[in-house]
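Dear colleague,

I am passing on the structure we spoke about, and my notes on how its helices and strands are arranged follow below it. Please keep in mind while reading that this is a predicted model.

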Amino acid sequence: MEIIQYLDDGGKPLRDLPLSNEELLAGYRALRRARHFDERALVLQRQGRLGVYPPFKGQEAAQVGVALCLKADHDWLLPSYRESAAALTFGMPISKLILSWRADPAGWGAPAHVNMVQFYIPIATQIPQAAGVAHAQRLLGKDAVAAVFIGDGGTSEGDFHEGLNFASVFDAPLLVVVQNNGWAISVPTQKQMKVQRIALKAQGYGIPGVVVDGNDLVAVWSVAREAVARAREGKGPTLIEAITYRVAPHTSSDDPSRYRTEEEAQRWQQRDPILRMRNCLNHLGLWSQAQEDQLTEALEAEFQAELALADQAPEPKPWEIVEQVYQEMQPDQEAAWRYLRGGKA
(Lines give C-alpha, C1' and ligand atoms only; values in the text may rest on other atoms or scores of the structure.)
Protein backbone atom coordinates (compact mmCIF):
# COMPACT_ATOMS: atom_id res chain seq x y z
CA MET A 1 0.00 0.00 0.00
CA GLU A 2 1.14 3.52 -0.76
CA ILE A 3 2.30 5.57 2.22
CA ILE A 4 0.86 9.04 1.74
CA GLN A 5 3.55 11.68 2.28
CA TYR A 6 3.89 15.39 1.49
CA LEU A 7 7.23 16.23 3.15
CA ASP A 8 10.52 14.43 2.74
CA ASP A 9 12.44 13.35 5.82
CA GLY A 10 14.10 16.75 5.99
CA GLY A 11 10.82 18.67 5.74
CA LYS A 12 11.08 19.79 2.10
CA PRO A 13 7.71 19.74 0.30
CA LEU A 14 7.55 16.94 -2.27
CA ARG A 15 4.65 18.58 -4.15
CA ASP A 16 2.01 21.27 -3.71
CA LEU A 17 0.68 21.21 -0.17
CA PRO A 18 -3.08 20.88 0.49
CA LEU A 19 -2.95 23.35 3.40
CA SER A 20 -2.92 27.12 3.47
CA ASN A 21 -0.02 29.07 4.97
CA GLU A 22 -2.19 29.91 7.97
CA GLU A 23 -2.95 26.22 8.50
CA LEU A 24 0.71 25.29 8.22
CA LEU A 25 1.62 27.85 10.87
CA ALA A 26 -1.22 26.76 13.15
CA GLY A 27 -0.19 23.15 12.71
CA TYR A 28 3.42 23.84 13.66
CA ARG A 29 2.37 25.78 16.75
CA ALA A 30 0.11 22.88 17.78
CA LEU A 31 3.00 20.42 17.35
CA ARG A 32 5.33 22.56 19.44
CA ARG A 33 2.66 23.01 22.12
CA ALA A 34 2.21 19.25 22.34
CA ARG A 35 5.97 18.59 22.57
CA HIS A 36 6.36 21.30 25.21
CA PHE A 37 3.65 19.71 27.34
CA ASP A 38 5.21 16.26 26.96
CA GLU A 39 8.64 17.46 28.03
CA ARG A 40 7.32 19.36 31.03
CA ALA A 41 5.03 16.50 32.08
CA LEU A 42 7.99 14.12 32.15
CA VAL A 43 9.90 16.59 34.34
CA LEU A 44 6.93 16.76 36.73
CA GLN A 45 6.86 12.98 36.90
CA ARG A 46 10.55 12.83 37.78
CA GLN A 47 9.91 15.40 40.50
CA GLY A 48 7.19 13.23 42.02
CA ARG A 49 4.46 15.69 40.97
CA LEU A 50 2.80 13.34 38.45
CA GLY A 51 1.96 9.65 38.42
CA VAL A 52 3.21 7.14 35.88
CA TYR A 53 3.20 9.03 32.58
CA PRO A 54 3.11 7.70 28.98
CA PRO A 55 5.19 10.10 26.85
CA PHE A 56 4.41 10.51 23.16
CA LYS A 57 7.57 12.16 21.83
CA GLY A 58 7.86 11.40 18.13
CA GLN A 59 4.14 10.73 17.65
CA GLU A 60 2.88 14.33 17.81
CA ALA A 61 1.93 14.66 14.14
CA ALA A 62 -0.12 11.45 14.15
CA GLN A 63 -2.28 12.89 16.93
CA VAL A 64 -2.30 16.62 16.22
CA GLY A 65 -3.11 16.19 12.52
CA VAL A 66 -6.30 14.32 13.37
CA ALA A 67 -7.39 16.59 16.22
CA LEU A 68 -7.05 19.67 14.02
CA CYS A 69 -9.81 18.27 11.77
CA LEU A 70 -12.33 18.02 14.60
CA LYS A 71 -14.62 20.47 16.39
CA ALA A 72 -14.41 20.05 20.15
CA ASP A 73 -18.00 21.13 20.80
CA HIS A 74 -19.46 19.02 17.98
CA ASP A 75 -17.31 15.95 17.31
CA TRP A 76 -16.02 13.33 19.76
CA LEU A 77 -12.56 12.19 20.79
CA LEU A 78 -11.93 8.82 22.44
CA PRO A 79 -8.23 8.53 23.29
CA SER A 80 -6.12 5.67 24.48
CA TYR A 81 -3.56 6.43 27.20
CA ARG A 82 -0.87 8.01 24.98
CA GLU A 83 -3.05 10.67 23.37
CA SER A 84 -2.31 13.71 25.52
CA ALA A 85 -1.27 15.53 22.33
CA ALA A 86 -4.63 14.83 20.70
CA ALA A 87 -6.50 15.84 23.86
CA LEU A 88 -4.53 19.07 24.17
CA THR A 89 -5.11 20.01 20.52
CA PHE A 90 -8.78 19.05 20.74
CA GLY A 91 -9.30 21.55 23.56
CA MET A 92 -8.51 19.87 26.89
CA PRO A 93 -6.89 22.43 29.25
CA ILE A 94 -3.33 21.71 30.35
CA SER A 95 -4.36 21.98 34.00
CA LYS A 96 -6.93 19.22 33.46
CA LEU A 97 -4.34 17.00 31.81
CA ILE A 98 -1.93 17.49 34.69
CA LEU A 99 -4.61 16.62 37.22
CA SER A 100 -5.65 13.61 35.17
CA TRP A 101 -2.12 12.20 35.20
CA ARG A 102 -2.05 12.86 38.94
CA ALA A 103 -5.10 10.56 39.21
CA ASP A 104 -6.94 13.49 40.78
CA PRO A 105 -10.75 13.41 40.31
CA ALA A 106 -10.54 17.11 39.45
CA GLY A 107 -8.85 16.03 36.22
CA TRP A 108 -11.51 13.52 35.25
CA GLY A 109 -14.03 14.41 32.63
CA ALA A 110 -13.80 17.33 30.22
CA PRO A 111 -15.13 20.90 30.17
CA ALA A 112 -18.67 21.27 28.85
CA HIS A 113 -17.45 22.45 25.44
CA VAL A 114 -15.02 19.55 24.90
CA ASN A 115 -16.57 16.23 23.81
CA MET A 116 -13.83 13.95 25.05
CA VAL A 117 -14.02 10.91 27.27
CA GLN A 118 -11.37 10.02 29.82
CA PHE A 119 -8.16 8.30 28.72
CA TYR A 120 -8.62 4.55 28.25
CA ILE A 121 -5.99 2.39 29.94
CA PRO A 122 -7.28 -1.14 29.08
CA ILE A 123 -6.14 -1.90 25.54
CA ALA A 124 -8.75 -1.57 22.75
CA THR A 125 -11.83 -1.31 24.98
CA GLN A 126 -12.45 2.15 23.53
CA ILE A 127 -13.01 0.88 19.99
CA PRO A 128 -16.53 -0.63 20.40
CA GLN A 129 -17.50 2.32 22.57
CA ALA A 130 -16.27 4.75 19.92
CA ALA A 131 -18.32 2.90 17.31
CA GLY A 132 -21.34 3.31 19.57
CA VAL A 133 -20.70 7.02 20.09
CA ALA A 134 -20.32 7.53 16.35
CA HIS A 135 -23.49 5.55 15.56
CA ALA A 136 -25.38 7.60 18.16
CA GLN A 137 -24.55 10.79 16.26
CA ARG A 138 -26.39 9.47 13.21
CA LEU A 139 -29.35 8.36 15.32
CA LEU A 140 -29.50 11.88 16.76
CA GLY A 141 -29.48 13.38 13.27
CA LYS A 142 -26.08 15.05 13.71
CA ASP A 143 -23.20 15.21 11.25
CA ALA A 144 -20.69 14.81 14.07
CA VAL A 145 -17.89 12.27 13.82
CA ALA A 146 -15.92 10.34 16.43
CA ALA A 147 -12.18 9.77 16.31
CA VAL A 148 -10.60 6.96 18.29
CA PHE A 149 -6.91 6.15 18.72
CA ILE A 150 -5.20 2.83 19.22
CA GLY A 151 -1.67 1.46 18.95
CA ASP A 152 -0.48 -1.33 16.67
CA GLY A 153 -0.60 -3.80 19.58
CA GLY A 154 -4.24 -2.99 20.24
CA THR A 155 -5.24 -4.15 16.76
CA SER A 156 -4.60 -7.73 17.93
CA GLU A 157 -7.39 -7.44 20.49
CA GLY A 158 -10.91 -8.72 19.80
CA ASP A 159 -12.45 -5.35 20.71
CA PHE A 160 -10.71 -3.79 17.72
CA HIS A 161 -12.34 -6.18 15.26
CA GLU A 162 -15.75 -6.05 16.92
CA GLY A 163 -15.72 -2.26 16.88
CA LEU A 164 -14.72 -2.06 13.22
CA ASN A 165 -17.34 -4.59 12.23
CA PHE A 166 -20.10 -2.68 14.05
CA ALA A 167 -18.99 0.66 12.60
CA SER A 168 -18.87 -0.83 9.11
CA VAL A 169 -22.30 -2.47 9.30
CA PHE A 170 -23.97 0.72 10.52
CA ASP A 171 -21.89 3.18 8.46
CA ALA A 172 -20.90 4.90 11.68
CA PRO A 173 -19.04 8.21 11.20
CA LEU A 174 -15.85 6.94 12.82
CA LEU A 175 -12.13 7.51 12.31
CA VAL A 176 -10.04 4.67 13.70
CA VAL A 177 -6.47 5.95 13.94
CA VAL A 178 -3.79 3.33 14.47
CA GLN A 179 -0.50 4.80 15.58
CA ASN A 180 1.84 2.10 14.35
CA ASN A 181 5.02 2.91 16.26
CA GLY A 182 6.50 -0.52 15.67
CA TRP A 183 6.27 -1.73 19.25
CA ALA A 184 3.50 -3.05 21.51
CA ILE A 185 5.49 -2.20 24.63
CA SER A 186 8.36 -4.64 23.89
CA VAL A 187 6.79 -6.79 21.14
CA PRO A 188 7.65 -5.72 17.57
CA THR A 189 4.84 -5.46 15.03
CA GLN A 190 6.19 -8.26 12.84
CA LYS A 191 5.74 -10.69 15.73
CA GLN A 192 2.07 -9.74 16.15
CA MET A 193 0.75 -10.10 12.61
CA LYS A 194 1.64 -11.32 9.12
CA VAL A 195 0.02 -8.50 7.16
CA GLN A 196 2.50 -5.92 5.95
CA ARG A 197 0.14 -3.05 6.66
CA ILE A 198 -2.48 -2.80 9.39
CA ALA A 199 -4.64 -0.73 7.03
CA LEU A 200 -5.14 -3.89 4.96
CA LYS A 201 -7.37 -5.19 7.75
CA ALA A 202 -9.97 -2.64 6.66
CA GLN A 203 -10.70 -4.80 3.62
CA GLY A 204 -12.23 -7.43 5.88
CA TYR A 205 -14.91 -4.93 6.89
CA GLY A 206 -15.51 -3.28 3.53
CA ILE A 207 -14.20 0.11 4.61
CA PRO A 208 -11.32 2.27 3.32
CA GLY A 209 -7.89 1.68 4.80
CA VAL A 210 -5.23 4.37 4.38
CA VAL A 211 -1.52 4.39 5.25
CA VAL A 212 0.06 7.74 6.03
CA ASP A 213 3.48 8.92 7.12
CA GLY A 214 2.61 9.58 10.76
CA ASN A 215 5.57 11.94 11.20
CA ASP A 216 4.37 14.20 8.38
CA LEU A 217 1.78 16.59 9.82
CA VAL A 218 0.65 17.77 6.38
CA ALA A 219 -0.05 14.20 5.27
CA VAL A 220 -1.90 13.23 8.46
CA TRP A 221 -3.99 16.40 8.42
CA SER A 222 -4.88 15.91 4.75
CA VAL A 223 -5.83 12.23 5.14
CA ALA A 224 -7.83 12.86 8.32
CA ARG A 225 -9.65 15.81 6.77
CA GLU A 226 -10.76 13.62 3.86
CA ALA A 227 -11.90 10.86 6.23
CA VAL A 228 -13.84 13.34 8.36
CA ALA A 229 -15.59 14.77 5.28
CA ARG A 230 -16.46 11.26 4.14
CA ALA A 231 -17.90 10.40 7.56
CA ARG A 232 -19.95 13.60 7.72
CA GLU A 233 -21.47 12.71 4.35
CA GLY A 234 -22.74 9.43 5.80
CA LYS A 235 -20.21 7.23 3.96
CA GLY A 236 -19.02 5.42 7.06
CA PRO A 237 -15.75 4.79 8.87
CA THR A 238 -12.13 4.93 7.76
CA LEU A 239 -9.14 3.07 9.16
CA ILE A 240 -6.01 5.25 9.16
CA GLU A 241 -2.63 3.66 9.84
CA ALA A 242 -0.08 6.31 10.80
CA ILE A 243 3.50 4.99 10.52
CA THR A 244 5.42 6.63 13.34
CA TYR A 245 7.81 5.85 16.20
CA ARG A 246 7.80 6.23 19.96
CA VAL A 247 11.18 7.83 20.59
CA ALA A 248 10.49 8.00 24.32
CA PRO A 249 9.97 5.02 26.66
CA HIS A 250 6.60 3.24 26.74
CA THR A 251 5.96 4.94 30.09
CA SER A 252 8.06 6.78 32.63
CA SER A 253 8.67 3.37 34.25
CA ASP A 254 9.94 1.69 31.08
CA ASP A 255 13.52 0.98 29.94
CA PRO A 256 13.35 0.65 26.13
CA SER A 257 17.02 -0.33 25.90
CA ARG A 258 15.95 -3.81 27.04
CA TYR A 259 14.14 -4.52 23.78
CA ARG A 260 15.29 -2.07 21.09
CA THR A 261 18.57 -0.52 19.98
CA GLU A 262 19.66 3.07 20.41
CA GLU A 263 20.55 3.11 16.70
CA GLU A 264 16.90 2.45 15.83
CA ALA A 265 15.71 5.36 17.95
CA GLN A 266 18.39 7.64 16.50
CA ARG A 267 17.30 6.82 12.94
CA TRP A 268 13.75 7.84 13.73
CA GLN A 269 14.82 11.01 15.50
CA GLN A 270 16.13 12.19 12.14
CA ARG A 271 12.50 12.11 10.97
CA ASP A 272 11.28 14.10 13.97
CA PRO A 273 7.84 15.57 13.12
CA ILE A 274 8.60 18.91 14.83
CA LEU A 275 11.85 19.45 12.95
CA ARG A 276 10.31 18.36 9.65
CA MET A 277 7.47 20.84 10.00
CA ARG A 278 9.78 23.68 11.02
CA ASN A 279 12.02 22.96 8.05
CA CYS A 280 8.93 23.01 5.84
CA LEU A 281 8.04 26.48 7.10
CA ASN A 282 11.64 27.59 6.55
CA HIS A 283 11.54 26.31 2.95
CA LEU A 284 8.38 28.34 2.39
CA GLY A 285 9.78 31.45 4.08
CA LEU A 286 7.08 31.40 6.78
CA TRP A 287 9.20 31.08 9.93
CA SER A 288 12.11 32.77 11.67
CA GLN A 289 14.21 32.28 14.80
CA ALA A 290 12.51 35.29 16.35
CA GLN A 291 9.12 33.63 15.90
CA GLU A 292 10.52 30.41 17.37
CA ASP A 293 11.82 32.25 20.44
CA GLN A 294 8.49 34.02 20.93
CA LEU A 295 6.60 30.74 20.65
CA THR A 296 8.87 29.01 23.18
CA GLU A 297 8.38 31.85 25.66
CA ALA A 298 4.59 31.83 25.18
CA LEU A 299 4.36 28.05 25.62
CA GLU A 300 6.36 28.11 28.83
CA ALA A 301 4.25 30.95 30.23
CA GLU A 302 1.06 29.06 29.38
CA PHE A 303 2.32 25.86 30.98
CA GLN A 304 3.41 27.55 34.19
CA ALA A 305 0.06 29.33 34.50
CA GLU A 306 -1.83 26.06 33.97
CA LEU A 307 0.46 24.22 36.39
CA ALA A 308 -0.35 26.82 39.03
CA LEU A 309 -4.07 26.18 38.46
CA ALA A 310 -3.55 22.45 38.85
CA ASP A 311 -1.51 22.94 42.02
CA GLN A 312 -4.33 25.03 43.51
CA ALA A 313 -6.89 22.25 43.10
CA PRO A 314 -8.22 21.14 46.51
CA GLU A 315 -7.23 17.77 47.92
CA PRO A 316 -9.54 15.10 46.48
CA LYS A 317 -12.16 13.59 48.76
CA PRO A 318 -12.34 9.77 49.00
CA TRP A 319 -15.93 9.61 47.74
CA GLU A 320 -15.10 11.49 44.54
CA ILE A 321 -13.62 8.28 43.14
CA VAL A 322 -17.13 6.87 42.51
CA GLU A 323 -18.83 10.07 41.38
CA GLN A 324 -18.00 9.91 37.66
CA VAL A 325 -18.70 6.29 36.82
CA TYR A 326 -22.25 6.73 35.45
CA GLN A 327 -24.38 9.76 34.74
CA GLU A 328 -26.74 8.56 37.48
CA MET A 329 -25.44 6.51 40.40
CA GLN A 330 -26.38 2.85 40.51
CA PRO A 331 -27.42 1.36 43.90
CA ASP A 332 -24.05 -0.22 44.69
CA GLN A 333 -22.25 2.90 43.57
CA GLU A 334 -24.45 5.09 45.76
CA ALA A 335 -23.89 2.75 48.72
CA ALA A 336 -20.11 3.07 48.27
CA TRP A 337 -20.45 6.84 47.95
CA ARG A 338 -22.40 7.06 51.20
CA TYR A 339 -19.96 4.77 53.01
CA LEU A 340 -16.98 6.86 51.91
CA ARG A 341 -18.76 9.97 53.13
CA GLY A 342 -19.13 8.38 56.53
CA GLY A 343 -22.79 7.59 56.06
CA LYS A 344 -23.70 11.21 55.31
CA ALA A 345 -26.09 12.08 52.49
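Helix α6, which spans residues 158-169, lies across β3, β4 and β8, and its direction runs at about 150° to β4. Helix α2 also packs on the sheet, where it touches β3 (146-151), β4 and β8, and its direction makes about 170° with that of β4.

The sheet itself is open and has six strands, which follow the order β1-β7-β8-β4-β3-β2 with parallel pairing. At its edges stand β1 (3-4) and β2 (76-78), each of which has a single partner strand, so that one side of each is left without a neighbour in the sheet. Within the sheet, strand β4 (residues 174-180) and strand β8 (residues 238-243) run parallel and are joined by six bridges, and in this pair N180 stands opposite I243 of β8.

Turning to the helix pair, α1 (residues 21-46) packs against α2 (residues 60-67) at an angle of about 125°, with the two axes 10 Å apart; the angle falls outside the ranges for parallel, antiparallel and perpendicular pairs, and α1 and α2 are therefore oblique to each other. The crossing in which α1 passes α2 is right-handed. On the α1 side the contact is made by G27, A30, L31, A34 and R35, and on the α2 side by E60, A61 and V64. Taken by character, the residues of this contact of α1 with α2 comprise five nonpolar, one polar and two charged.

With best wishes

Notes: Residues numbered from 1 in each chain as written. Predicted model: local features only at pLDDT ≥ 70, side-chain atom pairs only at ≥ 80, totals over all residues. Heavy atoms only, no water. Axes fitted to C-alpha atoms, helices over the stretch in contact; angles between N-to-C directions. Helix = DSSP H or I, 4+ residues; strand = E, 2+ residues; numbered from the N terminus. Parallel < 35°, antiparallel > 145°, perpendicular 65-115°, else oblique. Left-handed = near helix turned anticlockwise from the far one by under 90°. Contact = heavy atoms within 4.5 Å. Nonpolar A, V, L, I, M, F, W, Y, C, P; charged D, E, K, R; others polar. Pairing = 2+ DSSP bridges.
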